[in-house]
Amino acid sequence: MKHVSDLRRHGLFDAKVPRFTSYPPANWFSEDIGEKNVYGWQSSAPEEAEISLYVHVPFCRRLCWFCACRTQGTRNDAPLAPYVERILAEAKSTRSRFTDRIRPRRLHLGGGTPTILSSSLLDRLLTGLDDIWGLNQLEEFSVEVDPTDVGPKRLAMLKKHGLSRVSLGIQDFDPQVQKAIGRQQSHELTADVVRQLRNLDVNALNFDLLYGLPFQTAKTLSATLDAALEMNPGRIALFGYAHVPWMSKRQSLIPSDALPKPEQRLALFDQARKTLLGQGYIQIGIDHFARPDDALAKAYFEKRLTRSFQGYTDDQAPYLIGLGASAISTYPQGFAQNIPVTGKYAAQVEAGKSALWRGYELNATDHLKANLVEQLMCYHTATLTEDQLADHTILTAILYIVERFGDAVAWNGKTLSIVRWAHPLVRMIAGTLTTDQTEKSDGRTYSAAI
Ligand code: SF4
């Protein structure tokens, strides 16, 4: 691969940087943001505000070793029904602060494993959310599905409630890689779930794949991609595996000496990228690929692409209301995150108290920086507005970037562009834009830049 030495010169293989699913990253959130702030943001939402709902189901039947999500393993169903009731209680109390006429346009169930819920619990959850929020104007209802923990009844129930998009967790099909990351899942089983979804006329499919896994080679990754492409998903999210065992203890079960080195990670990503582009996919941002007729590709071409805690999205709603343990809500004024420990979250809601843990209120400069970070993360280029150009901290940061990254960027006094070969540096460049970034992190909070 060309330009490896240039990327090394710019520090790509050593850097630890945020993923920038939000600006600022969640580790900047503070407990100083309380109910007074968040309730004010909710009650000031105008009637015509676009709003999306996210429901977090933190339970999983299995705990895959590679996964750094906040999840809780459970072998039995005992905690599930009470949790659904707590979600509905939180939904009701949150709803009461918004004006009556607001209706969500999108609903996403994520986790964890939302399909760990039985069909009757899914029915209870979705009927309850409909009673509370009114789901009759949904444009999209999407669910994260673990192919090993779902079945025809659960899929049929989701379809009954309007399921329109599914994200399937795959990661890698190679048996040795799967064993090393503690997640076994055959190609046949995944293909069968895809068939069931298509039979239900749910054709908007996203596959989650990972590069940088132990024992992954050019050959195994190529075989995984071939197997995935056979099923013709509209979208593929190809995330870099982040090995952070100090943050996610179960990752210490992964043989770190079998992990590809940073240069190999870059080569794996580049190989996958070329395969997907060759198959007609469009690259979206740093790690997504979509067929040209997919809604994400259309949003990309129409410059409507945004980035949220769920990654790249065509959802432009300024209000994203997160329900459940650890869920993050987005408001025009800032962010609010729920208590992450499921038991504590449930106890608070059961007692009729707020589930809020921490948050962040955006000031005027934060808004300007958030916009620049989003432009760079989505398009590898950012055109500054008059307000952004007039902000001293932003201009100073841009000039620093031009000096620090030299041949990797182009700056014409208004637009900052990252040149093609330097696209892998985008998270580093976005991180530099937030000049006080390093003061808020000990460097272990973030993941490898590639
Ligand atoms: S990858 Fe999915 S099923 Fe595995 S632990 Fe993470 S959330 Fe649970």
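## Exercises on a predicted model

In helix 7 of this predicted model, the buried residues are T190, A191, V193, V194, Q196 and L197. Let's start there.

**Exercise 1.** Work out which elements the buried residues of helix 7 pack against, and check the length of the helix.

*Solution.* Begin with the neighbours: the buried residues pack against two kinds of element, namely strands 6 (140-145), 7 (165-171) and 8 (204-211), and helix 5 (152-160). Next, take the length. Helix 7 covers residues 187-199, 13 residues in all, so at 1.5 Å a residue it should span 18 Å. The C-alpha atoms at its ends are 18 Å apart, in agreement with that value. Finally, look just past the helix, where D201 has a positive phi of about 65 degrees.

**Exercise 2.** Find the strand order of the open sheet that contains strand 20, then place the helices that pack on it.

*Solution.* First, the three strands run in the order 18-20-19 with antiparallel pairing. Strand 18 (381-383) and strand 19 (409-411) are the edges, each pairing on one side only. From one strand to the next, the twist averages 10 degrees. Now zoom in on one pair: strand 19 and strand 20 (residues 415-418) are joined over three bridges, and V409 stands opposite I418. Then add helix 12 (residues 364-379), which touches strands 18 and 20 and makes about 140 degrees with the direction of strand 18. Helix 14 (residues 392-405) touches strands 19 and 20, at about 135 degrees to strand 19.

**Exercise 3.** Sort the residues around the ligand by class.

*Solution.* List the shell, which includes C60, R62, D146, R183 and R250. Sorting gives five nonpolar, three polar and four charged residues.

How values were computed. Residues numbered from 1 in each chain as written. Predicted model: local features only at pLDDT ≥ 70, side-chain atom pairs only at ≥ 80, totals over all residues. Heavy atoms only, no water. Pairing = 2+ DSSP bridges. Helix = DSSP H or I, 4+ residues; strand = E, 2+ residues; numbered from the N terminus. Axes fitted to C-alpha atoms, helices over the stretch in contact; angles between N-to-C directions. Contact = heavy atoms within 4.5 Å. Near = heavy atom within 4 Å. Nonpolar A, V, L, I, M, F, W, Y, C, P; charged D, E, K, R; others polar. Expected span 1.5 Å × (residues − 1). Buried < 20%, exposed > 50% of the residue type's maximum accessible area, 1.4 Å probe, protein only.
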